[in-house]
Amino acid sequence: MREIKFRAFNKKTGGMIYSDQTDQEMFEDQMSLFFASMVMGLEIGGAELTYMQFTGLLDKNGKEIFEGDKCTCKMNGIDAHIEYVETEVIYDITVGAFGHKVISESEYTFFGLNSKNLLSCEIIGNVFEKSN
C-alpha cells in the first residue's frame with residue numbers, strides 16, 4: 001500500500017513545502033480548506049498553496065515522484081527506439097491514474113507510470129521552477 005502524502009507550492013514565498021515539514025499546522029489548515037472547497041464546489045480566491053500528491057513511486061535515482069514533477073523518460077521504455085522526452089507527472093481523471101504528459105508535443109499524449117518507463121525516468125524539476 002502506498003503512502004498518502006502531499007506537497008504544496010507556496011505562491012507567496014515561491015517555495016515548496018512538504019506535509020512532513022515543520023510548517024505542518026498551516027499546511028493542514030490550508031489543506032482542510034482546499035478539500036472543503038472541493039466537496040462544496042466552491043472557488044477559493046487567493047489560495048496560497050497549490051497541492052500535489054505523491055504517486056507512491058520513485059524515479060531511477062530513488063527520488064519521490066509527485067504530481068507536477070518534470071521528468072525525462074524513455075518513451076514507452078523501448079530499447080530499440082530510444083527517444084527521451086520531457087514529461088510532466090499528472091493525475092488523469094479520465095484514466096484514473098498517475099502518468100506522464102509529454103510536454104514537447106502540441107497535442108496531449110499520456111503514458112502511464114509503469115516499470116519500463118520508471119527505470120529511465122529522472123526528475124529534472126517541477127512545473128513551478130523556471131526552465132533554463
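Which charged end sits over the ring of phenylalanine 54, and how many Å from its centre? In this predicted model, the charged end of lysine 5 takes that place, 5.1 Å from the centre of the ring. The report below starts with the chain as a whole and then comes back to this ring and to others.

**The chain as a whole**

The chain has 132 residues, and buried residues make up 37% of them. Two helices and nine strands are found in the chain, and their order along the sequence is β-β-α-β-β-β-β-β-β-α-β. If one takes the contacts between residues at least 6 apart in sequence, 50% of these contacts join residues at least 24 apart. The accessible surface comes to about 8,400 Å², and carbon and sulfur atoms account for 53% of this surface.

**The nonpolar core and its cysteines**

Eleven residues form the largest nonpolar core, and among them are Ile65, Val85, Val89, Phe98, Val102, Phe111, Leu113 and Ile123. Two or more residues of this core come from each of the strands β5 (69–74), β6 (84–92) and β7 (97–102). The core also includes the cysteines Cys71, Cys73 and Cys121.

How many disulfides does the structure hold? The number is zero, and cysteine 73 and cysteine 121 show how this can be read from a distance. The cysteine sulfur nearest to that of cysteine 73 belongs to cysteine 121, 3.5 Å away, and for cysteine 121 the nearest cysteine sulfur is in turn that of cysteine 73. Because a disulfide requires the two sulfur atoms to be within 2.5 Å, the 3.5 Å between these sulfurs does not qualify, and cysteine 73 is in no disulfide. Cysteine 73 counts as buried, with a relative accessibility of 0%, and cysteine 121 also counts as buried, at 0%.

**Aromatic rings**

A pair of aromatic rings is described by two values, the distance of the centres and the angle of the planes. The structure holds three aromatic pairs, including the two in this table.

| Pair | Centre to centre | Angle between planes | Arrangement |
|---|---|---|---|
| Phenylalanine 9 and phenylalanine 128 | 4.2 Å | 5 degrees | stacked |
| Phenylalanine 54 and phenylalanine 66 | 5.4 Å | 45 degrees | tilted |

The stacked pair links distant parts of the chain, since phenylalanine 9 lies in strand β1 (residues 6–10) and phenylalanine 128 in the segment after β9 (122–126), 119 residues apart. Phenylalanine 9 is buried, with a relative accessible area of 13%, whereas phenylalanine 128 is partly exposed, with a relative accessible area of 30%.

In the tilted pair, phenylalanine 54 belongs to strand β3 (residues 49–58) and phenylalanine 66 to strand β4 (residues 64–66), and the two are twelve residues apart. Phenylalanine 54 is buried at a relative accessible area of 5%, and phenylalanine 66 is buried at 2%. Phenylalanine 54 is also the residue of the opening question, with the charged end of lysine 5 over its ring.

**Tyrosine 18 and arginine 7**

A further aromatic residue, tyrosine 18, is found in strand β2 (residues 15–18). Its relative accessible area is 28%, so tyrosine 18 is partly exposed. Although tyrosine 18 and arginine 7 are eleven residues apart in sequence, their C-alpha atoms are 4.2 Å apart in space.

Notes:
Residues numbered from 1 in each chain as written. Predicted model: local features only at pLDDT ≥ 70, side-chain atom pairs only at ≥ 80, totals over all residues. Heavy atoms only, no water. Helix = DSSP H or I, 4+ residues; strand = E, 2+ residues; numbered from the N terminus. Buried < 20%, exposed > 50% of the residue type's maximum accessible area, 1.4 Å probe, protein only. Contact = heavy atoms within 4.5 Å. Areas by Shrake-Rupley, 256 points an atom, 1.4 Å probe, with all protein chains shown as cover. Core = buried A, V, L, I, M, F, W, Y, C linked by side-chain atoms within 4.5 Å. Phe/Tyr/Trp six-rings, centres within 6.5 Å; stacked < 30°, edge-to-face > 60°. Lys NZ or Arg CZ within 6 Å of the ring centre and 35° of its normal.
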